[in-house]
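The following exercises concern helix packing and nonpolar cores in a single protein chain. Each task is followed by a solution in steps.

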Amino acid sequence: MDTPKHTGEPYEFLLRSFEDFNEATLRMQNAFRHLENRFEDINRELERKNLELEKTLAEKEEIKNDLLNILESLTTGVIVTDLRGRISRLNRCAEVFLGTPSAHVQGRPLGDFLPGIVPGNPKADMGTYVGEREAKLQLRGRTVEVIRSPMKAPDGAVTGSVLILRDVTRLEKLEEMAKRTERFAAMGEMAANIAHEIRNPLGSIALFASLLMKEERDQRDLERLSHIVAAVRGMDNKISNLMIFARKQVPMMRVIGLQGVLKEVIGFSGEIVRQKDVSVEAKYVRGNPRVMGDAEMLKQVFLNVILNAVQAMPDGGHLRIETSLRKNPEPAVEVCFSDTGVGIPKEHLGRIFDPFFTCREGGTGLGLAIVHNIVDTHGGSIDVESGRGGTLVRVSFPVVRSSRTRRVGRKVGGT
């Protein structure tokens, strides 16, 4: 049977509707495919951005860790405070200076740990303050320099303070030695001039006294003349020591084993030490550290220190001598002499290297002055600590590695 043919407007309208629907479907399919492609592009872009973000975060975390490692590795202390002067962060070196772990410090006032340092108001300071504030404190046996400056946020706002703590103990000692050396130079020149002026009339006095003793005189006059001669000889001996301090000596500098020189001095001073009922304990670092020096002059240094220690123990005692190697601030060998003697009064400690200063009856006060000059000539340092339990003397010299000989025209004395 034949399919009936549909004619008329309803059929045409339905046909156009199907055609429109098919076209709309095709457009939707194309739009959907476009959306899929766009979505895939966006996903790829997001993945790329995420990778870049992860890389940036990893780089920032690495930089952060590097900065923290640098902060913790610094040999200077760093303390950060907020606007109220409370500690918010500090590094490991600052913990050592304060002697307190970070967990016990954070959040507490700065003044609890740095006495004399006023927290202040960084915001108020910025109006008139240029540069950094400085102060020096004594912390756990160290001289610490404190430098403070405001801490700013990226927008320039002040959020607190940053304090830098620097150990200047050794620097202060070196400055003290430099001042002492300058003082010795002036005193040595003056002493040399005075010694020459005094020695000539002393020689005349001794000569005329000797001539008078040869004449016939009663016993009383002879005793008087004898006292005059003895006093002149004593004065001449002091002037001789003064000339040793003042005159220019040219040491013969060679590379020598310092511990060998020290052992030799301990050996030939043994009898004196035993007579004073003093026991000696010596401990040496491994190897034989070598220094550039004049062996005879270094013997004079060690012998003088040992004899001073023995004289500080009139009723006997113990002397410990120990050598060690120090790496900072430069390689050096250090010799420590610690005794159990009466110690040095605190008010005298700063003057023991001054010429003519002595606490011992009959002493010239030149022994330690000469020691100081010899040590200074050798590029070393000498430091003394004393208390009721005895005295500690540290003598250090730079370590050398090359084997060479040279003559140094420096004056081991006042000038």
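**Exercise 1: Surroundings of isoleucine 306**

Task: determine which residues isoleucine 306 is in contact with, leaving aside its neighbours within four places in sequence.

Solution. Contact here means heavy atoms within 4.5 Å. Under that criterion, isoleucine 306 touches Val265, Ile266, Ser269, Val273, Leu319, Ile321 and Phe337 once neighbours within four places in sequence are set aside. The model is predicted, so local features need pLDDT of at least 70 and side-chain atom pairs count only at pLDDT 80 or more, while totals for chains, interfaces and linings use all residues. Residues are numbered from 1 along each chain as its sequence is written, and side-chain values use heavy atoms, with hydrogens and water left out.

**Exercise 2: Packing of H6 on H8**

Task: describe how the axes of H6 and H8 are placed, and which residues meet.

Solution. Step one is the geometry. Helices (H or I, at least four residues) and strands (E, at least two) are DSSP runs, numbered from the N terminus. Axes are lines fitted to C-alpha atoms, for helices over the stretch in contact, with angles from 0 to 180 degrees between N-to-C directions. The axes of H6 (residues 258-268) and H8 (residues 295-311) come within 9 Å and cross at roughly 50°.

Step two is classification. Angles under 35 degrees count as roughly parallel, over 145 as roughly antiparallel, 65 to 115 as roughly perpendicular and the rest as oblique; H6 and H8 are therefore oblique to each other.

Step three is the contact itself. From H6, Leu258, Val261, Leu262, Glu264, Val265, Ile266 and Phe268 meet Ala295, Leu298, Lys299, Phe302, Leu303 and Ile306 of H8. These residues divide into 11 nonpolar, no polar and two charged, where Ala, Val, Leu, Ile, Met, Phe, Trp, Tyr, Cys and Pro count as nonpolar, Asp, Glu, Lys and Arg as charged, and the others, Gly among them, as polar.

**Exercise 3: Nonpolar cores and burial**

Task: state how many residues the largest nonpolar core has, and whether H10 is largely enclosed or not.

Solution. A nonpolar core is a set of buried Ala, Val, Leu, Ile, Met, Phe, Trp, Tyr and Cys residues joined through side-chain atoms within 4.5 Å; buried means under 20% relative accessible area, exposed over 50%, partly exposed in between (1.4 Å probe, protein chains only). The largest core has 35 residues, with the most contacts inside it made by Phe302, Ile306, Phe337 and Phe397. H8 gives the largest share of this core, eight residues. A second, separate core of 18 residues includes Cys93, Leu98, Leu137 and Leu163.

For H10 (367-377), nine of the 11 residues are buried, so this helix is largely enclosed by the rest of the structure. Just after H10, glycine 379 takes a positive phi of about 70°.
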